[in-house]
Structure formats: C-alpha cells, structure tokens
Amino acid sequence: MDEPIQVGLSKEGHDKLSRLKEDGHFAEMLDGYRFAIALAIAHGASPEGRPLRNRPTMFNTGTLDPDRSLYGVITALIDPKSEPVYKVAETLAEWGVHELYRLSESGVIPIVELLEEANRLAMITEPDLS
C-alpha cells in the first residue's frame with residue numbers, strides 16, 4: 001500500500017490547530033499535530049470510517065515522522081489493514097486537534113493531566129506478560 005508523502009487536516013482542524021499555536025499552547029503546529037495523534041491513540045480513538053477529504057496538506061511525512069516512530073506505533077497499536085498508516089495518522093490528528101481545542105476553551109490545556117491519564121490508560125490496556 002502506497003503511503004502519502006504529505007499529511008494534513010480538514011479546514012476546521014487546521015484552523016483550530018493554528019489557533020492552538022497562536023494562543024501559545026504549542027510552539028509549533030507540528031508539535032500540536034504530533035501531540036494530537038498521541039492523544040487520540042491514548043484514548044483509543046478509532047480512525048476507521050472517517051477519511052479526510054479535501055484536506056489541505058500541512059506536513060511532509062518525513063518532517064512529521066523522521067525516524068518513523070509514529071509509523072511504528074500506529075502499525076503496532078492500530079494495525080491498519082485497509083488504508084495507509086499516514087492516512088490513519090491524519091484521522092487521529094483530526095480527532096486529537098478537536099479534543100485539544102475543546103480543552104483549550106477553558107484557557108489552559110492540562111498537559112500534565114493528559115499525560116497522567118494516558119499513562120493510566122496504557123496501564124489498563126497493557127498485556128500481562130507473566
């Protein structure tokens with residue numbers, strides 16, 4: 001399956017991510033995009049059935065994922081079979097950006113709490129290797 005060389009968001013998602021950067025929640029939009037993907041994965045957001053159409057491209061996949069760690073995580077945790085991994089990443093980013101924007105409406109994104117929550121969620125779904 002051919003992987004796209006660029007990823008993006010819907011117009012609404014792009015506007016929200018831009019606003020998150022402008023409001024100082026992220027130094028760069030790329031940081032917010034990556035965090036949004038991680039947040040979506042931690043919350044078990046399903047990328048299926050939500051392909052983005054007419055989305056403006058934002059980042060080259062080599063810039064987004066230079067060491068292919070996102071590719072590896074998505075492949076390992078979600079195992080997309082019917083669409084390219086970076087298309088799944090776009091869908092996850094879309095979910096995550098909307099959630100981050102919702103959280104930002106209170107004025108502050110509780111990053112520490114989100115990381116703690118992600119850790120708790122990971123512990124719940126961690127396989128028992130004993």
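These legends accompany close-up views of salt bridges and of a helix pair in a predicted model. Residues are numbered from 1 along each chain as its sequence is written, and side-chain values use heavy atoms, with hydrogens and water left out. Because the model is predicted, local features need pLDDT of at least 70 and side-chain atom pairs count only at pLDDT 80 or more, while totals for chains, interfaces and linings use all residues.

**View 1. Glu12 and Lys16 form a salt bridge in helix 1.** The closest N and O atoms of Glu12 and Lys16 are 3.2 Å apart; a salt bridge here is a side-chain nitrogen of Lys or Arg within 4 Å of a carboxyl oxygen of Asp or Glu. Both residues belong to helix 1 (residues 11–22), where a spacing of 4 residues separates them by about one helical turn. Helices are DSSP runs (H or I, at least four residues), numbered from the N terminus. Lys16 is buried at 18% relative accessible area, whereas Glu12 is partly exposed at 46%. Buried means under 20%, exposed over 50%, and partly exposed in between (1.4 Å probe, protein chains only).

**View 2. Asp23 and Arg19 meet through their side chains.** This salt bridge has an N to O distance of 3.1 Å. Asp23 is partly exposed, at 43% relative accessibility, and Arg19 is partly exposed too, at 40%.

**View 3. Glu99 pairs with Arg102 in helix 5.** Here the N to O distance is 2.5 Å. The two residues sit 3 apart in helix 5 (residues 85–104), about one helical turn, and Arg102 is partly exposed at 47%. The structure holds 5 salt bridges, including this one.

**View 4. Helix 2 crosses helix 5.** The axes of helix 2 (residues 29–42) and helix 5 come within 7 Å and cross at roughly 95 degrees. Axes are lines fitted to C-alpha atoms over the stretch in contact, with angles from 0 to 180 degrees between N-to-C directions. The two helices are therefore roughly perpendicular, a label for angles of 65 to 115 degrees. Among the residues in contact (heavy atoms within 4.5 Å) are Tyr33 and Phe35 of helix 2 and Trp95 and Glu99 of helix 5. By class, this contact has 13 nonpolar, 2 polar and 2 charged residues. Nonpolar covers Ala, Val, Leu, Ile, Met, Phe, Trp, Tyr, Cys and Pro; charged covers Asp, Glu, Lys and Arg; the others, Gly among them, are polar.

**View 5. Helix 5 is mostly covered.** Of its 20 residues, 15 are buried.

How values were computed: Parallel < 35°, antiparallel > 145°, perpendicular 65-115°, else oblique.
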